[in-house]
Amino acid sequence: MAIQHKGKSRGESRPPVSQDKLLSLYYTMLLIRRFEEKVHQLFLKGEMSGTIHQYLGQEAIAVGVCANLRKEDWITSTHRPHGHALAKGLSVRSLFCELLGKAEGCCGGKGGSMHLGDPEVGMLPAIAIVGGGLPLAAGLALAFSYQGTDQVAVAFFGEGATGEGAFHEALNLASLKKLPLILVCENNLYAASTPFALGSPVQRVAERACAYGLPGETIEGNDVLSVYQASQRAIKRARGGEGPTLLECLTYRFCGHSRSDPAHYRPKEELEAWKKKDPLLLFQNHLLKQKIATQKELEVTEEKIQEELKEAWAYAQAAPLAPLKSAWEDVYA
Ligand SMILES: Cc1ncc(C[n+]2csc(CCOP(=O)(O)OP(=O)(O)O)c2C)c(N)n1
């Protein structure tokens, strides 16, 4: 898989993406990877309850897209939201607190893994109903359009959501009203245990776009720079009043669908082939090859992340639980 970024940051040619931006993309991707690994261990040790759907292997998508967003832009997410949350700017502390049911969690400890978010940084609490985030993102984009702001909304969803009516309604409305919406499909080839080909009569999710008169593009979702550049174009169109774009990002999850899924339905060779296209590995190689970072600098990044996780975990463990009476607060029906 080709990485498209050609420039050198510490050399003669002018890079299309600045060195600082490249290093910050790397930091956030690695932070998500290590966060998910830590959460996995904590679940195995029984230190967290509930269930989890993890983002291992898909890091380049959340990071590549969110790096183009402003704080006041909004995203919607799914049952697999940890990566989106970190990429949109939620702190590790607020996520650990949320996962442990602590009052300082981003949703007061009442949302848990599948419903985390924070309006302060433009993330609607995640929605675990497959396809559920799409009409809400279209609604956000409709509000921005009415208000005449240049904010955009991004809906992250899996390819399984493309079989839901909500997906089609969102595309139809967004295209009709030229809404500032970016539809980011993370096609990781399986909706739980169902292979994409068994759930979709069309081979590419991006092809769906033409039925609604909007542009659709399939990109290498494990190549953070492809995602960054494609989403930059889509966001520019949306901000400029040119309407929505559907981006299909091809990827693979390096874990089971949820905590209890060993993913035996996937051929071993398939997983091995995708592991060679690990988004972190690809980007590390790129940074080293282009002399954007040294091995030593990558090691320092790793240490910083380990430190951040350690501090946040200790903080969350010591933080008070959400009080019982808070179960009755923020309840509307
Ligand atoms: C409307 C609805 N139907 C079924 C489910 C159960 N369910 C949870 S996740 C999932 C698979 C979703 O696959 P996809 O949209 O491709 O996202 P991925 O898990 O691959 O990230 C299903 C069927 C649900 N949460 N909501």
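This is a short talk on the predicted model shown above, going from the whole protein to a few single residues.

I will start with the overall picture. The protein has eleven helices and seven strands. Its radius of gyration is 19 Å, close to the 20 Å that the globule rule gives for 333 residues, so the protein is as compact as a globular protein of that length. If you draw a box along the principal axes, the C-alpha atoms fill roughly 55 × 50 × 45 Å.

Next, the inside and the surface. Of the 333 residues, 53% are buried. The exposed area comes to about 15100 Å², and carbon and sulfur atoms supply 54% of that area. As for charge, there are 37 positive and 37 negative charges, and their mean positions lie 3 Å apart.

How much of the contact in this protein joins residues at least 24 apart? Taking contacts between residues at least 6 apart in sequence, the share is 73%. Keep that in mind for the single residues later.

Now two helices. Helix α2 covers residues 59-66, and eight of its eight residues are buried, so this helix is largely enclosed by the rest of the structure. The buried residues include Glu59 at the start of the list and Cys66 at its end, with Gly64 also among them.

Helix α11 runs over residues 295-318, which is 24 residues. From first C-alpha to last, helix α11 reaches 35 Å, close to the 34 Å expected at 1.5 Å a residue. Which residues of α11 are buried? They are Leu298, Thr301, Ile305, Leu309, Ala312, Trp313 and Ala316. Look at the spacing of those numbers with one general point in mind. An α-helix has 3.6 residues a turn, so residues three or four places apart point the same way. The cover over the buried residues of α11 includes α1, α4 and α10.

That brings me to helix α1, where Leu23 sits. Is Leu23 buried or exposed? Neither label fits, because its relative accessible area is 29%, and that makes Leu23 partly exposed. Leaving aside neighbours within four places in sequence, Leu23 is in contact with Ile292 and Ala293. The C-alpha atoms of Leu23 and Leu287 are 8.4 Å apart, although 264 residues separate the two along the chain.

Gln58 is a second residue to look at, in the loop between α1 and α2. With a relative accessible area of 2%, Gln58 is buried, because the cut-off for buried is under 20%. What does Gln58 touch, beyond residues up to four places away in sequence? The list is Arg80, Glu186, Asn188, Thr251, Tyr252 and Arg253. Asn172 is 114 residues from Gln58 along the chain, and here the C-alpha atoms are separated by 27 Å.

Last, two backbone angles. Most residues other than glycine have a negative phi. Lys178 has a positive phi of about 50° and is not a glycine. Lys178 lies in the loop between α6 and β3, that is, between the helix at 165-176 and the strand at 181-187. Ala192 also has a positive phi, near 55°, and is a residue other than glycine. Its place is the loop between β4, residues 190-191, and β5, residues 194-195. Ala192 counts as partly exposed, at 31% relative accessibility.

That is the end of the talk.

Key. Residues numbered from 1 in each chain as written. Predicted model: local features only at pLDDT ≥ 70, side-chain atom pairs only at ≥ 80, totals over all residues. Heavy atoms only, no water. Helix = DSSP H or I, 4+ residues; strand = E, 2+ residues; numbered from the N terminus. Buried < 20%, exposed > 50% of the residue type's maximum accessible area, 1.4 Å probe, protein only. Rg over C-alpha atoms; globule rule 2.2 N^0.38 Å. Contact = heavy atoms within 4.5 Å. Areas by Shrake-Rupley, 256 points an atom, 1.4 Å probe, with all protein chains shown as cover. Lys, Arg positive; Asp, Glu negative; His and termini not counted. Charge placed at Lys NZ, Arg CZ, Asp CG, Glu CD. Expected span 1.5 Å × (residues − 1).
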